[in-house]
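Colleague: Could you take me closely through one part of this model, the charged pairs and the packing around them? I would like one connected account rather than a list.

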Amino acid sequence: MQKQEEITSRLKQIFDLFLRENFLMTDNVYFEKLISHLQAKENESLLQAPFVIEWVDKCLTLITSDFHKVHPKVISFMLNIIGFMASNEWMILRLRELEIVHRMMSFMQANEQQFSPSIKLSCIRVMKVINNYSIGLAFQRTNRTWSVLIQYSSNEHTLYVVREARQLLYEMLYKFCDKMQDEAVTLEILSEIMKPIQDNVYITDNISVNASGEEERIHVNVDDNELLHRVTSAVDLLSYILQQTLVSEERTKIVSLLRDHHNIELNIWKLVEMTHNTYFTEKMLSALCSYHFALLLHEKILNPDRTEPPEQFTEFGLSFFNLIKFCIQRSDGINFVKMAVLHHILWKKLGSRAPKEIIIQDERVVFENQLICFHLLPLLFSMKFAKKMADESKSDLFDTYIMKLLVMSCEQTLRLCYSVRDAFITPEGNTNGSLFTAELARKCVHSILSLEHIMDREQAITVCQALLYALREVVALSDASKPVDPEDCHGASTSNNYYDIYPSGADAIVNDPRVLHSVIVGLRTLIERFKITWKESVETIGLVNCLAYVLENCNMDATCTVQALKLVQLSVEHFLSPNMALLVDNLQGSALVCLGPIIVKRMHDTTWEVRDSALELAASIASISRIKFPAFQRFLIDVKIPPIVYEMAKHDSDPYVRASAYKCLSEMVSINSIWEDGLSQLDLVDHLLFVLYREHEDIVRAEAILTLGKIYDHRKIPSKYKNTLFSTLNFCVIGDHHWEVKVNALCFWRMEFHRQLKNQGMIDGVFPSVTFSKEHKKIVTLTDREIKLRIAKVLAEVQQYGYYGMMLKCLREEYAPEVLRILVAGIKMMNEKLNKYDFEIILSHIESLTPSAENTETCPVFNKPGQQMSVDLDEDGTSINESQSNDVIESILNAQDMQLLEKTFESQMQINHADTQKRHIDEFYYKQFAVSVREWKEEVGKIDLDRLVVQQEEWYDCKDNLVCLLDDILNAIQRDANNEISDCY
């Protein structure tokens, strides 16, 4: 109750300050945060307080008299408050008594040109709230509020204002037309929407004659800028309304009213005929397309009085083909592609309401297949060497694909395809450069990718095959003067020499790298999303070969190279059959052999993105070589990739490349042949410990600790590194500033726990009744006492390396919620396991296993963290004092022996150098975290672990309470009033 009073008093004070003359607040974030708090459900009662509506009434009075008396942000805030109050039915009556909404609309209609976008957006939201009530609809009909929405729907306003205004306008139109059955109001709204279109089209009938006997016609200037600007907004709004009707599950009369009272199709066609502006034509054709779909849905599919069969789509099909034909006649390739995209999107909006197969002029077709054909036409026409390849190829793959396209196309589609050919290609066989360009082929691929989330798998496979042939075309186009055996792009070769496989050479230049980039990205996207394999598309078998040819091109830009490497990686992962592992023990005779030199070459590329992609490819090959395709193990060893990756991890200048190198090494260390033939001879463990202690880049340390974990899990780490290893782990958890490194270090400790328990006989989280004892070389029975003793050994082992002290320090000082979550989860898991047994008995076993205090006193004393380690003397125990230094200097001057100084100070210089270049952390760093299990258990019991995580998450997400926010706002207003510098919120 006291807190509620504090909030009310502060909020009232802030509201009064908002209306103060010359009010100013430089930090607008406070308004947004205050609005977010006030619209929360727990603060709903605040808006019902009397002072809130009184403040709104006072604010409206001020702005009605003079708009400039109140800050624009305060006006927007006030409108949001009205919207929140209007969402409560009990507040509607109070708002109506004070005529709040009526005064608001009068104010908005009188000053609409002066408002900021935030004020307009807030006004729309108020109208959206009152639109949910019948009394609100009556108010909007009386005040004709749709005029404001139509004005806000024009392209002159911001995106958010236009989007919200159009959405509300359609909801209002739908409710008046279909819910309230008010045809008069509906026609009035539609007339106002259509007014810019009706006023700017040619009059072909009902021509009036003036007093002088001359006919009156509207004279429209073709492509007049003012006309285009005026009409485009109306056409965009009309298209939006028509497309929204497609989402509705119920039939609406909006489409029939537009057809009967505004002759929409004829009027828009008039506008199309009067312009040659590509942008304006696109808007008109989009409106026509939307109208055709809306007419199809509400006058045919959802019409209960229809007499035609549900599959009969002849009228709709002819309208679609007419639009496509118009684009071809205008030689407008861009709009040709865009119309295919729009039809595909709107057809998917029909969903299950449209049949899978439709009938167009007595021909049963799949409509989406016709769209795919139009999508692919610009790309297919780019294949100049397709016929030559089909003639020379020993296989009939290309002919089979062409027959597939012919079968899925109807007669009208084929006619239009030939029309496209006639428009884009001259009778001499040359392409029309002004119409058919590489940019059109690129847009064709991008348009297909924009439909990936709605495209069916069948159509995706068809597109993928076309892109594969387009990529094959790049190889053929690279050197048209030299014969290229197209079979090499699809099958394996018996030669291992790259130049024997591709006689065209490696330095051929791709004509347009943007098209190549689009094709490669398109292939990668479709293969990934639809999981296309060689079973669906036989053409994918030769994908790696074609990409190998492309990657040999030294002149290819970095973006194409990166995408080609990623596609090779995808091809290796998807298109290699697991059955081949049973038949092939090496890659000799396969084009995959070419990949080795290519990967090595790209690992030395000057661009870091290319090097990074090459490492990702090598990591993928290493991953599948472990089980699925062992032949790749010898492939990696023969081209000496493991040592190259290690050198990149040590010396590459880019941190992302070094991180990828460690990720690649993580995949390799678990493979026996690669470890034995290369990695085991490298100082890998020593370098990883050095990286975790000295590396400055977070992403590199995070990957390095994962690599170290893989080595620890699969290989034996030399015993000389054991103390350094656990000291480094504790340092990563406590001393590292990056949360991901901390999490990986804690996961390493968890792996150590599982390893110790496994060594003690635990299997799948439980101890069996009997197990084999390595210590006694026999099978032993695991009694309850023996199990507790073995658990005590594990806990004592990790206690020795400061695990419990490190956890307590982390619980007290850690702020990252990700680290706390995994830490708390580990503690809960440990407690759950230990609670199954008598914990006191386990503690007594641990104390019996732990060295006594007398023994620990004989251990050497180590420096505390932060203290400088003392520098030892040299082996002879010699040191140099001041007098000896003077004698040395005198002897140098007398003997003129310049090498004497170097010999005298040689040992000291070596010691200093070793100290400044210390590679690893102090190997006994872990001793400072010495805490017994009993102490750890007592301390953890005092901490509410769940509450700790919640507090840190709230702090991390800046979830402040309303009282603190109101105090901050008051302080900010005071600072701004005193012209002080305000801190960033």
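Modeller: A residue is called buried when its relative accessible area is under 20%, exposed when that value is over 50%, and partly exposed in between. The model is a predicted one, and I will begin with a pair for which that cut-off matters. Arg-658 has a relative accessible area of 9% and is therefore buried, and Glu-695, with a relative accessible area of 19%, is buried as well because its value is under 20%. These two residues form a salt bridge in which the closest N and O atoms are 3.0 Å apart. Arg-658 belongs to helix H33 (residues 655–668), whereas Glu-695 sits in the loop between helix H35 (684–694) and helix H36 (698–714), so the salt bridge ties together parts that are 37 residues apart in sequence.

Salt bridges that share partners also occur, and they join Arg-251, Arg-259, Asp-260 and Glu-299 into one network. The structure holds 40 salt bridges. Side chains of opposite charge can pair when their charged atoms come close. Asp-605 and Arg-602 provide another such pair, with their side chains meeting at 3.2 Å, N to O, and both Asp-605 and Arg-602 are buried. For a pair with another setting, consider Lys-443 and Glu-439, which form a salt bridge whose closest N and O atoms are 3.9 Å apart. Lys-443 and Glu-439 are four residues apart in helix H22 (residues 438–449), which means that about one helical turn separates them. Lys-443 is partly exposed at 35% relative accessibility, and Glu-439 is partly exposed too, with a relative accessible area of 21%.

Turning from charge to nonpolar packing, the largest nonpolar core has 162 residues, of which Leu-471, Met-603 and Trp-936 touch the most other members. Helix H23 (residues 457–478) supplies the largest share of this core, eleven residues. If neighbours within four places in sequence are set aside, Leu-471 is in contact with Leu-516, Val-519, Ile-520, Leu-523, Leu-543, Cys-546, Leu-547 and Val-550. A second, separate core consists of 155 residues, and Met-78, Ile-254, Phe-326 and Trp-347 are among them. In soluble globular proteins, nonpolar side chains tend to be buried together.

Two individual positions are also worth following. Thr-186, in helix H11 (residues 183–198), is buried with a relative accessible area of 0%. Leaving out neighbours within four places in sequence, Thr-186 is in contact with Leu-173, Phe-176, Cys-177 and Leu-257. Val-562 lies in helix H27 (residues 558–574) and is likewise buried, with a relative accessible area of 11%. With the same omission of neighbours within four places in sequence, the contacts of Val-562 are Glu-609, Val-610 and Ser-613. Val-562 and Ala-614 are 52 residues apart in sequence, while their C-alpha atoms are 8.1 Å apart in space.

Finally, there is a nonpolar patch on the surface, formed by Ile-402, Met-403, Leu-406 and Val-407, which together have about 370 Å² of accessible area. Ile-402 is placed in helix H20 (residues 397–408), and at 32% relative accessibility Ile-402 counts as partly exposed.

Definitions and conventions. Residues are numbered from 1 along each chain as its sequence is written. This is a predicted model: local features need pLDDT of at least 70, side-chain atom pairs count only at pLDDT 80 or more; totals for chains, interfaces and linings use all residues. Side-chain values use heavy atoms; hydrogens and water are left out. A salt bridge is a side-chain nitrogen of Lys or Arg within 4 Å of a carboxyl oxygen of Asp or Glu. Helices (H or I, at least four residues) and strands (E, at least two) are DSSP runs, numbered from the N terminus. Buried means under 20% relative accessible area, exposed over 50%, partly exposed in between (1.4 Å probe, protein chains only). A nonpolar core is a set of buried Ala, Val, Leu, Ile, Met, Phe, Trp, Tyr and Cys residues joined through side-chain atoms within 4.5 Å. Contact means heavy atoms within 4.5 Å. Patches are made of residues with over 30% relative accessible area and no salt bridge: like charges are joined within 9 Å, nonpolar side chains (Val, Leu, Ile, Met, Phe, Trp, Tyr) within 5 Å. Accessible areas come from the Shrake-Rupley method with a 1.4 Å probe; for residues, only the protein chains shown count as cover.
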